[in-house]
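Me: Got a minute to go through the empty spaces in this model with me?

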Amino acid sequence: MLVMVGTAMAVLDSTIVNVGIPVIMRMLDTPLEMAQWVVTAYLVSMCVMLPTAGWIAQKWGYKKIYLTGLVVFTLGSLLCTFASSIEWLVAARVIEGFGSGTVQSLGMAIIIRHFDNKMRGLALGLWAIAAAASVSMGPYLGGILLTHFHWNALFMVNVPVGVIASVATFFVMREVKDSPMGRFDLVGFLLVALATPLLVVGLAMGAAQTKSAIGGWDSPFVISSIIISLVMLVFFVLHSLRNPSPVIDLSIFRNRSFAVSIIALTCFGIGLYGGNYLLPLYLEHSLSYSALAAGSVFLPVGLIQGSLAPLTGIFSRWTGNKILIVSGLVIFTSYFLLSSIFDTTTSAWLISTTVYMRGIGIGLAFTPLNTMAVSNLTPPQMTSASGVANTVKQVSGSIGIAIFTALISSSTIAGQSLACREHDYVGAIDTSFMLAAIFSILGLVAVLFLREKRATQDK
């Protein structure tokens, strides 16, 4: 329960702020180029902790580091609440991101270490309710808060929940430690802690609509950021393979199930986070939905995912995980294909149908996929696997958003009539949904190579 609350807060904060960017721009008198860092700074600092928090927790204790993450996240939220300038808000979001990355990275690892193979699928399904509900509730809750309160309510909502969760964690959660670890891998930590956020920043700035020395795909800053980050990741891999106590145990990729699952998660992350990004743009821009109305469209997704996620842990005992994964991903891919035919006259029932399909697909597929990914790993390896999986989802999501933003921002040509601009805009949205479908199909193909050992699950 405590892990569910912490995960819900961290994921909610990733989605609730998106609908508030226009209001923050107006209230703090800042341009979009600066306001986007309210989202980007949070993602960048989160990516520092996602792959590394697991090693730190193995060294000093899962409860201790998880609690530290909760406290840092709550403190960051409090600082955001009192921000009087965009610079203050961005700095506070960096602090928030460090806490969020720690909480999200360790949540799955803690659950895995507290449940055996028989109950792990059900436990992960229940944990997935928190993430699913937060993804769908974020835009809707953000719309309500902005309608009735000041913009800082987007962050204040985290503070009382964070305080209660921190106190409960201190008194209720039991500490778990691994066998003694080796020396801290400082070189590996610095490489991955710099490379991952640098890649995210490069992707975010590359997709910026304003062309400048640091914005646009052909800017020196973006090109350098992406190249340097990729080179650092290569050095990180070479360093980790030679280190007896690496910050991330790359031997987990020798496990077929985990390696295939990561390939699938990469493909689905591009479409999943890209879909979260595309649908509100389409609803608000092309169909003139309000922020609250657009946010309410996502509500059924959380309800459907939240209902299916824990049930898949039960169903998998009879059907196996692979059948559930394939079935869910076929439905999930169909959601993208149907969305690629949207236009300015698309009916509400068709939009609702695609949203329901999305919820069913994710609800059926993602918990079994996570379960299969770690099914044959040792407890210490599961910690690294959790950090890698969360990092992959965030980075692949950034790739998807960057690709789709570039397509949409290049769709409008100066001097066009309003009708032509609207036609091209919707066309770019549809093309983006089709690309998301292609990535989803690639992930589905990867899943077909998963090997499931039913006997191992039933133990």
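Me: How many cavities of 30 Å³ or more does the structure hold?
Reply: Two. A cavity here is a set of points on a 1 Å grid over the protein atoms alone where a 1.4 Å probe fits but cannot get out. This is a predicted model, where local features need pLDDT of at least 70, side-chain atom pairs count only at pLDDT 80 or more, and totals for chains, interfaces and linings use all residues. Residues are numbered from 1 along each chain as its sequence is written, and side-chain values use heavy atoms, with hydrogens and water left out.

Me: What lines the second largest cavity?
Reply: Met 108, Phe 258, Ile 262, Leu 265, Asn 370, Ala 373, Val 374, Ala 385 and Ala 389. The space there is about 40 Å³.

Me: OK, pockets now. How much space lies in the second largest one?
Reply: About 540 Å³. Leu 233, Phe 253, Val 388, Thr 391 and Val 392 are the closest to its centre, out of 18 lining residues. A pocket is an open set with protein on both sides within 12 Å along at least five of seven lines, and lining residues have an atom within 4 Å of a point.

Me: Which helix gives the most to that lining?
Reply: α18 (379–409), with six residues in the lining of the second largest pocket. Helices are DSSP runs (H or I, at least four residues), numbered from the N terminus.

Me: And where is Ile 223 found?
Reply: In helix α12, residues 220–242.

Technical notes: Helix = DSSP H or I, 4+ residues; strand = E, 2+ residues; numbered from the N terminus. Points joined across faces, edges and corners; volume = space filled by probe spheres on them.
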